[in-house]
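I opened this entry to record what I looked up in the structure, beginning with its surface and overall form and ending with one of its sheets.

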Amino acid sequence: MTAPNSVSLPRFQSLEDLVQVENLVKLFPVKHGLFGPDDKKIHAVDGLDLAIVRGETLGLVGESGCGKSTLGRLILRLEKPTSGRILFEGNDISSLGSAEMKQVRRKMQIIFQDPYSSLNPRKTVKSIIMEPLIIHGIGTRPQRIEKVFALMAEVGLRPEYAARYPHEFSGGQRQRIGIARALALNPSLIVADEPVSALDVSIRSQVLNLLEELQEKYGLTYLFISHDLSVVEHISDRVAVMYLGKIVETGSKERIYDSTLHPYTEALLSAVPIPDPCAVRNRIILEGDVPSPIDPPSGCRFHPRCRIRQAICSEKEPRLNDVGDGHLAACHVRAPV
């Protein structure tokens, strides 16, 4: 017999994938004035397929506005998809109601980009970390307090900090509070949305090392969203490159960085600084601006800015083609179907 509050859904075929996204679409309406029509849509995520393997760190990279954060919020169901499916642990969560999603959200958490605005300034550190336990009715008050202090120790916060407020901490310490809160419910998946971009360079490595240590200890799975390819290279097992609502290339870290196929990925990597003043890198400057997500280009969405484009690129949309070892690219020229 199924428990009254349990979620009973069909199982997905793959047991290795923690998250499976199938033909996911998210359109945001664009209104013309207060009472105007909303006939136009922003194509934030448009027909996207992606898998996140249990226990891995998948780095998601791309320019600002490409839909990275929207995809992360869709996977967590903080945004409702327009169409497509999101499968978590084999269950379709795309259209679950709030009561059913509450059960699922115990297993998925988020670390936000801004460690200050993501913390309630009126609550102490103890209250912030304890809040998920209270919402989900986990443990007695003494057990919750014990859990809070254990989590603080886990992320490198001293116990006397429990009674302090967010404004009394540095950016790195605030992000540690956010990490402790994300760990409170023992999740399987953590979406880290630009978790170190707002931190000083000297603090970034500490937070990244902490995330890696926690992953190894608790078997966590990360979706690590960032625009910094050097950070993604350091922490990720696999990398997915996103452009204008679509994945254009994905594969292992080694394949993406050493055997780049898509010209957009190539351009992004050419902009990564080299810590050697004598080194020379062939910088690829992209033509024009990113096209409008309201009216995306036909065919390959990157073709207006691509230096190797051909006639077919503006006529037919390329699909992700596996060129070997799980390395997929959507390019008519370099990864033809």
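Accessible areas here come from the Shrake-Rupley method with a 1.4 Å probe. With that in hand, I looked up the surface of this predicted model and found that the chain exposes about 16,600 Å², of which carbon and sulfur atoms supply 50%. I then checked burial, and 48% of the 337 residues of the chain count as buried.

Next I turned to the overall form. I noted 9 helices and 12 strands in the chain. The radius of gyration is 21 Å, close to the 20 Å that the globule rule gives for 337 residues, so I recorded the chain as being as compact as a globular protein of that length. Along its principal axes, the C-alpha trace spans about 70 × 60 × 45 Å.

For contacts, I considered those in the chain with a separation of 6 or more, and residues 24 or more positions apart account for 63% of them. For charge, I looked up the mean positions of the 41 positive and 40 negative charges, which are 7 Å apart.

Last, I followed one sheet. It is an open sheet of 4 strands in the order E2-E1-E4-E5, and the pairing is antiparallel. At its edges I found strand E2 (40-53) and strand E5 (91-92), each with a single partner strand, so one side of each is left without a neighbour in the sheet. Strand E1 (residues 17-30) pairs with E2 in the antiparallel sense over 11 bridges, and I noted that Val-25 stands opposite Asp-46 in E2.

Technical notes: Residues numbered from 1 in each chain as written. Predicted model: local features only at pLDDT ≥ 70, side-chain atom pairs only at ≥ 80, totals over all residues. Heavy atoms only, no water. Helix = DSSP H or I, 4+ residues; strand = E, 2+ residues; numbered from the N terminus. Rg over C-alpha atoms; globule rule 2.2 N^0.38 Å. Buried < 20%, exposed > 50% of the residue type's maximum accessible area, 1.4 Å probe, protein only. Contact = heavy atoms within 4.5 Å. Lys, Arg positive; Asp, Glu negative; His and termini not counted. Charge placed at Lys NZ, Arg CZ, Asp CG, Glu CD. Pairing = 2+ DSSP bridges.
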